Amino acid sequence: MLILTRKTGESIMVGDHVRVVVVEVKGRQVRLGVEAPGDTKIYRGEIFERIQEENRRASQVPADALSKVSSLWTRIRSEGAGDAG
């Protein structure tokens, strides 16, 4: 982790197109401004973690799901074959 010290109004660059500016420091809170291209997705850390967890859950397929789908597809095809003639 890179740790930098910045004062209000100072900034850091992330890559060539993202600038993070210290807008205000008040007590233990720091307000940051982020300048980035419109197609750059910017999330608070806790929101990003929730999105990642939901994506992981959505991508998990129960172990027997594929075999059930395969069996169903085989049955549909065999029932349909009798109708073709």
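Me: A residue is called buried under 20% relative accessible area, exposed over 50%, and partly exposed in between (1.4 Å probe, protein chains only). Why is Glu-54 called partly exposed?

Reply: Its relative accessibility is 43%, which lies in between the two cut-offs, so Glu-54 counts as partly exposed. This is a predicted model, in which local features need pLDDT of at least 70, side-chain atom pairs count only at pLDDT 80 or more, and totals for chains, interfaces and linings use all residues. Residues are numbered from 1 along each chain as its sequence is written, and side-chain values use heavy atoms, with hydrogens and water left out.

Me: What makes the contact of Arg-57 and Glu-54 a salt bridge?

Reply: The term requires a side-chain nitrogen of Lys or Arg within 4 Å of a carboxyl oxygen of Asp or Glu. For Arg-57 and Glu-54 the N to O value is 3.3 Å, so the pair satisfies the rule. Both residues lie in helix α1, three residues apart; helices (H or I, at least four residues) and strands (E, at least two) are DSSP runs, numbered from the N terminus. Salt bridges that share partners join Glu-53, Glu-54, Arg-56 and Arg-57 into one network.

Me: Why does Arg-6 form a salt bridge with Glu-10?

Reply: Their closest N and O atoms are 3.6 Å apart, which is within 4 Å, so the definition is met.

Me: How do you know that β1 and β2 pair?

Reply: Two strands pair if DSSP finds at least two bridges between them. Four bridges join β1 to β2, so these strands qualify as a pair. They run antiparallel.
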